[in-house]
Amino acid sequence: MSHHESPELVDLFTTYTAGPDSIGAHLRACAARARARDPLLVVTGADMALYPGDGSPPTVLPYRLSNRGFKELAAVSHLATALASLVELHRREPDGTWRRDAELLLRQTRRARAANTTELWRDRIAAVAFRGREEAIAVMVDYACALTERYLVRALADPAHLNHQTLRETYLEDGHPDVPVSFNRIMVATFYLVGLDISHRLITWLDERRIDWTRAMVVIVGQIGRPTAGVTWRTNSVAGLVLAAARGKLPLSHLYIAPHAAGFATPVDGDLWEVRAVEEQLRQLWAGTRVTVELGAAMFEGYPAFDPGDDDVVPGTRTTAPTGPTGHAGPTGPTGLTGPFVDLPADGSAGAVTEQPGIRSADDWYSLVTRLRLVMEDPRQLLSGAVTDYAAQQLIAHDNDPLAVTVPGLDHEPYPAFGTTPTAA
């Protein structure tokens, strides 16, 4: 059976939602014009650009390309994962590639150890944030390589040694007499050093820009890290850096993460054409998201507001002041689904919620309407997902029979006869 669309109802849909001449597009453009003079900070997976908003040209910091020592430190931290992967390869396919991979890793580890010197870290890698620690870093890297060599040599001589228990006890964890410093500590140190360098450079650059953080608009676009990472405030490391650099002056509600939005390529030879070209689009992205949040507060006044609940990411970033208890997040919500559902107090005293409230029944309208407000105010939410989880749970409870469930707002409502226009109040 072919799919049919009603042109009249589709036209009604596009009147608000789709196209450059829709009501929604007009509102986004209007909201962007109102913030046209505010500073806009855009972060991609490789660059950070500041659009001052005062007519000045944008400035760009290619923070990934200028990250000194990242690959070298990552090579060291990845040694533990490489050994764990060899263990797994051997466990799954004892006659597979593990031995060839182990021999290659051993050769490369020895080459890296021979190349590692204090001079390498001080004079050639020369990260500003590492100054004064170059010798200590070189000693740590030498030890990490030596520890890895020892494990590989023994595993190649005796494959029975290649297992997760020996890896933990003689390499990763504290307590073994022959392991004065566990590799777990080395991994923490290398990750910290990478974060120290990038944080130092970004904070310095942002401080030099003298941004008015109370007016700033911040949007992080595209992929940051691996494809599944960095899509929330807490999991996006760059978001944390920006919030830290703002010293608590940037409201969390002014920072949006748009992993599917397009940014710009790293400028070549100072050519900012592409950076300039996307400014209006990104201003509308930020302003359009913000105006939807504001619509939620206006449309559903009196119901619990959305509170990011992440004010402890950086002190001073709370944007919503709860006026009552927010309930509690338990392992299961009232719907029976697992997840961080908030159980709203029955007396309606919740001033704000951090997550979707659980739905007690199909006539739990306080929770249902609170969800409508939350999906508009929480930029992480899909607007149409306000009750999708509840529908799925109810179907599971009724053997996937759509007629057996109650559709809130449709079933048992006193709608007048088809075609009757409601009487004006």
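This report walks through a five-stranded sheet, a few aromatic ring pairs and one helix near the end of the numbering covered here. Keep in mind that the model is predicted.

**The sheet**

Let's start with the overall layout. Five strands form an open sheet, and their order is β3-β2-β1-β4-β5, with mixed pairing. The edges belong to β3 (59-61) and β5; each has a single partner strand, so one side of each is left without a neighbour in the sheet. On average, neighbouring strands here are turned by 15° against each other, direction ignored.

Now zoom in on β4, which covers residues 217-221. Is strand β4 enclosed or open to the outside? Five of its five residues are buried, so β4 is largely enclosed by the rest of the structure. If you're new to strands, here's a handy rule: in a regular strand the side chains alternate between the two faces of the sheet. In β4 both faces are covered, with Met217, Val219 and Val221 buried on one side and Val218 and Ile220 buried on the other.

What about the partners of β4? Strands of a sheet pair through backbone hydrogen bonds, either parallel or antiparallel. Strand β1 (residues 40-43) pairs with β4 in the parallel sense over four bridges, and β5 (residues 255-258) also pairs with β4 in the parallel sense over four bridges. Valine 218 has leucine 41 standing opposite, and in β5 its bridge partner is leucine 255. Isoleucine 220 has isoleucine 257 as its bridge partner in β5.

Two helices come into the picture as well. Helix α9 (residues 237-245) joins β4 and β5 in a right-handed β-α-β unit. Helix α11 (residues 279-299) packs on the sheet and touches β1, β2 (48-51), β4 and β5. The direction of α11 makes about 110° with that of β4.

**Aromatic pairs**

A pair of aromatic rings is described by the distance of the centres and the angle of the planes. There are five such pairs in the structure, and two of them are set out here.

| Ring pair | Centres apart | Angle of planes | Type |
|---|---|---|---|
| Tyrosine 256 and tryptophan 286 | 5.6 Å | 50° | tilted |
| Tyrosine 303 and tyrosine 366 | 5.9 Å | 35° | tilted |

Where do tyrosine 256 and tryptophan 286 lie? Tyrosine 256 is in strand β5 and tryptophan 286 is in helix α11, so the pair ties together parts that are 30 residues apart in sequence. Both of these residues, tyrosine 256 and tryptophan 286, are buried.

The other pair in the table links distant parts of the chain: tyrosine 303 sits in the loop between α11 and β6 (305-306), while tyrosine 366 is in helix α12 (residues 365-377), 63 residues apart. Tyrosine 303 has 30% relative accessibility, so it counts as partly exposed.

Ring pairs also join up elsewhere: Tyr151, Tyr171 and Phe183 are linked by them into a cluster.

**Helix α13**

Last stop: helix α13, residues 388-397, where Tyr390, Gln393 and Gln394 are buried. How are the buried residues of α13 arranged around its axis? Looking down that axis, they fall within an arc of 100°, so they line one face of the helix. After α13 comes aspartate 399, which has a positive phi, near 55°.

Key
Residues numbered from 1 in each chain as written. Predicted model: local features only at pLDDT ≥ 70, side-chain atom pairs only at ≥ 80, totals over all residues. Heavy atoms only, no water. Buried < 20%, exposed > 50% of the residue type's maximum accessible area, 1.4 Å probe, protein only. Pairing = 2+ DSSP bridges. Right-handed = clockwise from strand over helix to strand, strands pointing away. Axes fitted to C-alpha atoms, helices over the stretch in contact; angles between N-to-C directions. Contact = heavy atoms within 4.5 Å. Phe/Tyr/Trp six-rings, centres within 6.5 Å; stacked < 30°, edge-to-face > 60°. Arc of directions from axis to C-beta.
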